[in-house]
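Student: Please take me through one part of this model closely. I am new to it, so keep the sentences short.

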Amino acid sequence: MKPITVVVTASGAPGTAALLRSLRGNGEREVRLVGTDMSDRSVGRHLCDAFHLVPEGSDPAFPDAVRELADREGADAILPQSSFDLDGLAGAIERFEGIAVLVSPLDAIRRSNDKAETYAMLHRLDLPAPAFRRVQGAGELEAAARELGYPEQPVCFKPVFSSGSRGFRILDPTVDRADQLLRERPGSVSMRLEEAAEILASVSDRTELLVMELAQGPERTIDGIANGSEIVLGHPKTREAMRAGLAMYFVTLADDALMELSGKIVAELRIEHFFNIQLVGEHVIEINPRISTIVYQEDLNIPYLGVKRALGEISDDELRALSARIRPGQTALRYFDQLEFDA
């Protein structure tokens with residue numbers, strides 16, 4: 001088959017090494033990989049065939065910078081890894097004629113990234129989601145937390161627009177601050193409402209926050225490829241063993257109910273290409289219209305299949321047929337590695 005060139009953005013992301021390895025090891029053709037990142041300390045600089053510094057995804061100059069380097073490198077497809085890159089690429093999709101950009105429509109991205117909009121949509125569809133309030137400032141945070149049951153039960157909050165666990169905090173009146181100080185690693189996510197309110201009252205930052213019921217229970221996610229109206233290939237998996245805000249252990253599941261739930265979300269948002277939907281207990285807490293951590297199989301290379309679909313080389317019916325290859329119980333264990341090089 002004809003070799004292809006794929007631009008992988010945010011190539012310093014934690015899943016980069018496995019993603020690049022899967023694209024290269026597709027068993028069909030040569031894939032040349034071009035990494036981009038806003039930092040030259042990105043691992044993509046060392047693992048890709050070429051690497052380019054670009055502005056951050058929220059910078060208005062980001063789409064043109066990606067288009068320029070894509071032209072220079074002869075790119076066939078652009079695969080974004082970061083939520084922060086999606087809006088800029090989708091909003092400038094007309095500038096990428098002749099290049100497959102694996103992003104959902106702009107409306108789907110903005111509704112997914114706005115967590116308050118996400119939860120409102122889920123409630124409207126009668127799908128399980130936490131009770132929530134959208135607030136600004138210390139006073140509104142405190143009022144919302146008490147409306148949702150604090151201090152009788154813990155609640156949590158995070159910025160309305162965020163990615164991963166950035167800004168996520170649990171408000172818990174039983175937090176032992178001495179134990180946190182003396183025994184826990186830095187970066188504990190639990191604190192008391194009074195502490196959060198004191199911090200917010202002391203700063204001018206008016207970031208919108210989502211205060212919500214604390215979802216509890218086992219974590220599961222659904223990963224796959226969608227066509228703007230339905231899932232064409234995907235599966236659920238567990239999400240376990242957190243470290244530094246990242247899940248480090250996954251096991252694939254057979255769960256028709258989770259696939260049905262995800263299908264309703266995909267259809268409502270009209271998600272295209274890769275997606276990741278996260279649950280804690282029975283509550284949907286996050287929708288990511290992008291590729292996330294994949295559980296790889298030697299006979300089911302989901303990232304490469306997604307690129308082939310974007311290039312028009314495989315049909316949705318052919319992808320659906322590959323669902324029979326998904327193996328429940330396939331396990332992924334993430335771990336830290338390192339590279340050495342002369343600066």
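Tutor: Start with one pair of residues: Ile277 has Ile287 in β16 as its bridge partner. Strands here are DSSP E runs of at least two residues, helices are H or I runs of at least four, and both are numbered from the N terminus. β15 and β16 are joined by five bridges and pair in the antiparallel sense. (Two strands pair if DSSP finds at least two bridges between them.) The two strands form a hairpin, with two residues between them. In the turn, Gly281 has a positive phi of about 60°.

A word on the source. This is a predicted model: local features need pLDDT of at least 70, side-chain atom pairs count only at pLDDT 80 or more, and totals for chains, interfaces and linings use all residues. Residues are numbered from 1 along each chain as its sequence is written, and side-chain values use heavy atoms, with hydrogens and water left out.

Back to β16. Five of its six residues are buried, so β16 is largely enclosed by the rest of the structure. Buried means under 20% relative accessible area, exposed means over 50%, and partly exposed lies in between, with a 1.4 Å probe and protein chains only.

Now widen the view to the sheet. It is open and has four strands, in the order β12-β11-β15-β16. The pairing is antiparallel. β12 (231-238) and β16 (283-288) are the edge strands, and each pairs on one side only. From one strand to the next, the twist averages 20°.

Look at the other end of that order. Strand β11 (residues 219-227) runs antiparallel to β12, and seven bridges join them. One residue to find there is Arg220, whose bridge partner in β12 is Thr238.

A helix packs on this sheet as well: α10, residues 256-269. Helix α10 touches β11, β12, β15 (272-280) and β16. Contact means heavy atoms within 4.5 Å. The direction of α10 makes about 130° with that of β12. Such angles run from 0 to 180 degrees between N-to-C directions, and axes are lines fitted to C-alpha atoms, for helices over the stretch in contact.

To recap, follow β16 as an edge strand. It pairs with β15, has five of six residues buried, and is touched by α10.
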